Amino acid sequence: MNANEIKRLRTESILKQLIPEALSSLDDAMLKGLCVTDVECKKGRYDAFVYLDKMAFDEREQEYVLNHLKRISRHLQNFCMSAEGWYRCPNFHFQFDDRLEYQNHIDKLFDKISKDLNKDG
């Protein structure tokens, strides 16, 4: 692992802590309760993809949340820069995390395959 990868991982870790902190300082109750599941910085740390937990949001609420996060992303960047003393912060790209649903779907498929094999065998 080289120095750039270590810096990228460190930035991801810091952002996982700072973004929920910044969200909790907002007035919007829906945005205050958001849970950041993961942050992935791209090479060069110019862009950061922030993955959020869907929890119990329907499609309309998810769209509302993403639109408002896009509007306040500059505020979140300023919060992160002031908290860490950075002169530059990655551009945030917010999206809801579908990886858990995908993993559950794959697990169900494997269970179905194993049941079919046990029936035949």
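In strand β3, Phe 92 is the bridge partner of Ala 48. This pairing belongs to a predicted model, and it offers a convenient way into the sheet. Strand β2, residues 47–52, is joined to β3 by six bridges, and the two strands run parallel. Another position along this pair is marked by Tyr 51, which stands opposite Gln 95 in β3. Between the two strands the chain passes through helix α3, residues 59–84, and the resulting β-α-β crossover is right-handed.

Strand β3, residues 91–96, shows two faces: Phe 92, Phe 94 and Phe 96 make up the covered one, whereas Asn 91, His 93 and Gln 95 make up the uncovered one. In a regular strand, side chains point alternately to one face of the sheet and the other.

Strand β2 also pairs with β1. Here five bridges join the strands, which run antiparallel, and Glu 40 has Phe 49 in β2 as its bridge partner. Together β1 and β2 form a hairpin with five residues between them. In the turn, Gly 44 has a positive phi of about 95°. Arg 45, found in the loop between β1 and β2, also deserves a look. Most residues other than glycine have a negative phi. Arg 45 is not a glycine, yet its phi is positive, at about 55°. With a relative accessible area of 28%, Arg 45 is partly exposed, since the partly exposed range lies between 20% and 50%.

Strand β1 also holds Asp 38. This residue counts as buried because its relative accessibility is 15%, and the cut-off for buried is under 20%. The side chain of Asp 38 makes a polar contact, at 3.3 Å, with the side chain of Lys 16. Beyond residues up to four places away in sequence, Asp 38 touches Lys 16, Phe 49, Val 50, Tyr 51 and Arg 99.

Turning to the helices, α1 spans residues 3–24 and has 22 residues. From its first C-alpha to its last, α1 reaches 32 Å, close to the 32 Å expected at 1.5 Å a residue. Helix α1 nevertheless bends by about 25° at Leu 15. At the start of the helix, a side-chain oxygen of Asn 2 comes to within 3.3 Å of the backbone nitrogen of Asn 4. The buried residues of α1 are Thr 11, Glu 12, Ile 14, Leu 15, Leu 18, Ile 19, Ala 22 and Leu 23. Leu 15 is thus both the site of the bend and one of the buried residues. The partners against which these buried residues pack are α2 (29–32), β1 (36–41), β2, α3 and β3.

Helix α3 bends as well, by about 55° at Ile 72. Ile 72 is among the buried residues of α3, together with Gln 62, Val 65, Leu 69, Ser 73, Leu 76, Gln 77, Cys 80 and Met 81. The cover over these buried residues includes α1, α2, β2 and β3. After α3 comes Gly 85, with a positive phi near 75°.

The loop between β2 and α3 holds two further residues of interest, Asp 58 and Lys 54. Asp 58 counts as partly exposed because its relative accessibility is 37%. A polar atom of the Asp 58 side chain lies 2.9 Å from the backbone nitrogen of Glu 61. Asp 58 and Ala 83 are 25 residues apart in sequence, and their C-alpha atoms are 33 Å apart in space.

Lys 54, by contrast, counts as buried, because its relative accessibility is 17%. The side chain of Lys 54 makes a polar contact with that of Asp 98, at 2.7 Å. Leaving aside neighbours within four places in sequence, the residues in contact with Lys 54 are Gln 62, Phe 96, Asp 97, Asp 98 and Glu 101. Two of these names have appeared above: Gln 62 is one of the buried residues of α3, and Phe 96 belongs to the covered face of β3.

Methods:
Residues are numbered from 1 along each chain as its sequence is written. This is a predicted model: local features need pLDDT of at least 70, side-chain atom pairs count only at pLDDT 80 or more; totals for chains, interfaces and linings use all residues. Side-chain values use heavy atoms; hydrogens and water are left out. Buried means under 20% relative accessible area, exposed over 50%, partly exposed in between (1.4 Å probe, protein chains only). Helices (H or I, at least four residues) and strands (E, at least two) are DSSP runs, numbered from the N terminus. Two strands pair if DSSP finds at least two bridges between them. A crossover is right-handed if, with the strands pointing away from the viewer, the path from the first strand over the helix to the second runs clockwise. The expected span of a helix is 1.5 Å times one less than its number of residues. The bend at a residue is the angle between axes fitted to the seven residues ending there and the seven starting there. Contact means heavy atoms within 4.5 Å. A polar contact is a pair of N or O atoms within 3.5 Å; within protein, one must be able to donate a hydrogen and the other to accept it, and residues adjacent in sequence count only if both atoms are side-chain atoms.
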